[in-house]
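Reader: Please take one helix of this protein and go through it closely. I would like to know what sits on each of its sides and what lies around it.

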Amino acid sequence: MTTPSFLVAEDLEYFALNGDVLLQDVSFELAEGSILAIAGPNGAGKTTLLNLLCGAETLALGDVLVKGHSLKRLSAKERARIIAVVGQQELPDGRLALRDYVALGQIPIRADRSADAHAKELNRIMDLTSLAALADKRMAQLSGGERQRAHIARALAQNPSLLFLDEPTNHLDPDAKGRMLSLVAELGITVVMIVHDLVMIPEFATHVALMKSTRVTGFGRVDEVLTPERVRETFGVDYLCFHHEGRVIPALDIRRTTVST
Ligand SMILES: Nc1ncnc2c1ncn2[C@@H]1O[C@H](COP(=O)(O)OP(=O)(O)OP(=O)(O)O)[C@@H](O)[C@H]1O
């Protein structure tokens with residue numbers, strides 16, 4: 001008997017209330033521990049797909065299976081014990097202290113550990129995300145990058161086995177970006193994240209789903225799917241690879257002629 005894939009998307013379709021097709025023909029399987037980057041131009045349907053995969057939106061057609069269980073049949077409580085999500089527009093109460101905000105992530109797993117063990121784990125996560133020094137600050141007092149790290153820390157506090165991140169490097173400077181994606185890549189859990197910065201994908205993801213106009217146009221291992229041809233086809237830009245100190249460093253040629261002659 002073969003082990004079922006950890007995350008399975010089966011013939012997903014999704015429509016707007018006015019009937020417009022927002023997502024169509026999406027099927028793939030992802031093994032446990034994979035890191036899937038969803039990439040595509042603005043409006044391609046990336047957030048729509050992520051919202052369906054994590055259960056934030058209800059599927060019109062098709063099914064999403066996590067560890068062989070249909071998301072439709074899992075209660076919100078059961079889902080919260082497996083899945084953590086950081087969306088694009090998290091709006092926490094600005095009066096909350098950062099540490100208390102991150103601790104909200106532990107609510108679904110409160111019964112799993114003693115209060116002491118939770119407090120220790122919370123400290124560990126605050127350290128991991130470089131937030132310990134800011135623990136007493138109010139959420140409203142944080143910078144955009146600090147707030148983004150707080151959202152991710154709250155998701156990690158949930159101890160998920162499946163983590164969804166919508167543009168996790170939003171507001172992060174290059175160093176913070178590298179640290180956050182390295183941390184996410186080293187968690188050892190299954191991660192699905194929307195990534196706009198294509199050059200980050202080969203370094204931090206194992207798989208990629210390329211999207212264009214409501215469809216997944218390419219899915220598979222990063223080295224097989226994120227090719228210069230596919231990038232040009234999807235985004236209309238040149239994807240270049242430079243060799244530096246034994247590593248391949250990708251870059252994008254995004255310069256455009258804006259004045260027509
Ligand atoms: N509830 C909705 N009703 C109607 N149209 C919607 C709805 N939600 C999203 N759309 C449209 O569906 C398309 C895909 O939206 P989505 O947010 O999934 O794109 P995206 O790939 O995440 O874009 P971006 O990179 O700009 O964040 C867009 O054209 C958007 O305007």
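Author: What follows is a close look at helix α4, and then at the domains and the ligand shell. The model is a predicted one.

Helix α4 covers residues 115-128, which is 14 residues. From its first C-alpha to its last, α4 reaches 20 Å, close to the 20 Å expected at 1.5 Å a residue. Its buried residues are L122, I125 and M126. Seen down the axis of α4, these buried residues fall within an arc of 100 degrees, so they line one face of the helix. An α-helix has 3.6 residues a turn, so residues three or four places apart point the same way. The buried residues of α4 pack against two helices, α3 (98-103) and α5 (144-157). On the face turned away from that buried side, α4 carries the exposed residues D116, A117, K120 and D127. After the helix comes S130, with a positive phi near 55 degrees.

As for the wider setting, the domain assignment gives domain 1 as 1-82 + 161-231 and domain 2 as 93-159. The centres of the two domains, taken over C-alpha atoms, are 24 Å apart. Contacts join 12 residues of domain 1 to 10 residues of domain 2. On the domain 1 side, α2 (76-80) and α6 (174-186) are the elements that give two or more residues, and α6 gives the most, with 3. By class, that side has 7 nonpolar, 2 polar and 3 charged residues.

The ligand has a shell that includes G43, K46, T47 and T48. Helix α1 (residues 46-54) gives the most to this shell, with 3 residues.

Definitions and conventions
Residues numbered from 1 in each chain as written. Predicted model: local features only at pLDDT ≥ 70, side-chain atom pairs only at ≥ 80, totals over all residues. Near = placed C-beta within 6 Å. Helix = DSSP H or I, 4+ residues; strand = E, 2+ residues; numbered from the N terminus. Domains from an automatic or database assignment. Contact = placed C-beta atoms within 7 Å. Nonpolar A, V, L, I, M, F, W, Y, C, P; charged D, E, K, R; others polar. Expected span 1.5 Å × (residues − 1). Buried ≥ 20, exposed ≤ 12 C-beta atoms within 10 Å, placed from the backbone. Arc of directions from axis to C-beta.
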